[in-house]
Amino acid sequence: MCGGAMYIRDEEIHKVYFPNPKALLPVLKRDGSLEYMPWGRREKQSGALPLGGWARLESLKKGMWNKYFPKHCKIIVNEFMERDKATGQTNWFTVTKGHYIHGIIAQDNGEIRLYVVTIAAQDTDIHDRYPRIIANTI
């Protein structure tokens, strides 16, 4: 379900993991610049946006996120991490150049957070969901 991500910022490798309340992910803006946004919301964080760091594609299509005015975006990372649900081992997956993780930016009363859009996994023995990988257009 994408529990971590790796990206390069200012020539430094950054690995971020969802449990860290300070986790930021880079989002590609329309002008080509990057904005580093807070990744989801954790139980101990204040706010009204949904708990977690993920949004199911199916729930987006059903309009379940509409009350948060979701804006689709491209999350720019080099790799993402999934944890094997059976063994607990972490696996890192490369995001091919020209591809991005699909994200949504949600907002509620001035609170703005980024969520990774997920789809059902094919290999459900290992993972239930994966981040949705998109090409240049959403």
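This is a short dialogue on reading a predicted model.

Visitor: Let us start with the strands. How many bridges join β7 to β8, and in which sense do the two run?

Guide: Look for five bridges. They join β7, residues 79-83, to β8, residues 90-94. The two strands run antiparallel.

Visitor: Which residue of β8 is the bridge partner of Met81?

Guide: Trp92 is the partner of Met81.

Visitor: What do β7 and β8 form, and how many residues lie between them?

Guide: They form a hairpin, with six residues between the strands. Check the backbone at Gly88 in the turn: phi is positive there, at about 80°.

Visitor: Which other strand pairs with β7?

Guide: Strand β1, residues 4-9, pairs with β7 over three bridges. This pairing is antiparallel. Within it, Ala5 stands opposite Phe80 of β7.

Visitor: Back to the loop of the hairpin. Is Asp84 buried or exposed?

Guide: Asp84 sits in the loop between β7 and β8. Its relative accessibility is 13%, so Asp84 counts as buried, the cut-off being under 20%.

Visitor: What does the side chain of Asp84 reach?

Guide: The backbone nitrogen of Thr87, at 3.1 Å.

Visitor: And Thr87 itself, buried or exposed?

Guide: Thr87 lies in the loop between β7 and β8 too. At 52% relative accessibility it counts as exposed, because the cut-off is over 50%. Its side chain has a contact as well: a polar atom there lies 3.2 Å from the backbone nitrogen of Gln89.

Visitor: How far is Thr87 from Leu34?

Guide: In sequence, 53 residues separate them. In space, the C-alpha atoms are 35 Å apart.

Visitor: Now the empty space. How is it found?

Guide: A probe the size of a water molecule is rolled over the atoms, and this shows where empty space is left. Here the largest pocket has a volume of about 360 Å³.

Visitor: Which residues lie nearest the centre of the largest pocket?

Guide: Leu28, Arg30, His72, Cys73 and Ile105. The full lining has 14 residues.

Visitor: Which elements give two or more residues to that lining?

Guide: Four strands: β3 (24-28), β4 (34-38), β6 (71-75) and β9 (100-108). The largest share is that of β6, with four residues.

Visitor: How do the residues of the lining divide by type?

Guide: Seven are nonpolar, two polar and five charged.

Visitor: Cys73 came up near the pocket centre. How many disulfides are there?

Guide: First the idea: a disulfide is a covalent bond between the sulfur atoms of two cysteines. To count here, two sulfur atoms must be within 2.5 Å. The count comes to zero. Cys2 is in no disulfide, and its nearest cysteine sulfur, that of Cys73, is 12 Å away. Seen from the other end, Cys73 is in no disulfide either, and the nearest sulfur is that of Cys2.

Visitor: Are Cys2 and Cys73 buried or exposed?

Guide: Cys2 has 1% relative accessibility, so it counts as buried. Cys73 is buried too, with a relative accessible area of 5%.

Definitions and conventions
Residues are numbered from 1 along each chain as its sequence is written. This is a predicted model: local features need pLDDT of at least 70, side-chain atom pairs count only at pLDDT 80 or more; totals for chains, interfaces and linings use all residues. Side-chain values use heavy atoms; hydrogens and water are left out. Two strands pair if DSSP finds at least two bridges between them. On a 1 Å grid over the protein atoms alone, a cavity is a set of points where a 1.4 Å probe fits but cannot get out, and a pocket is an open set with protein on both sides within 12 Å along at least five of seven lines; lining residues have an atom within 4 Å of a point. Grid points are joined across faces, edges and corners, and a volume is the space filled by probe spheres set on the points. Ala, Val, Leu, Ile, Met, Phe, Trp, Tyr, Cys and Pro count as nonpolar, Asp, Glu, Lys and Arg as charged, and the others, Gly among them, as polar. Buried means under 20% relative accessible area, exposed over 50%, partly exposed in between (1.4 Å probe, protein chains only). A polar contact is a pair of N or O atoms within 3.5 Å; within protein, one must be able to donate a hydrogen and the other to accept it, and residues adjacent in sequence count only if both atoms are side-chain atoms.
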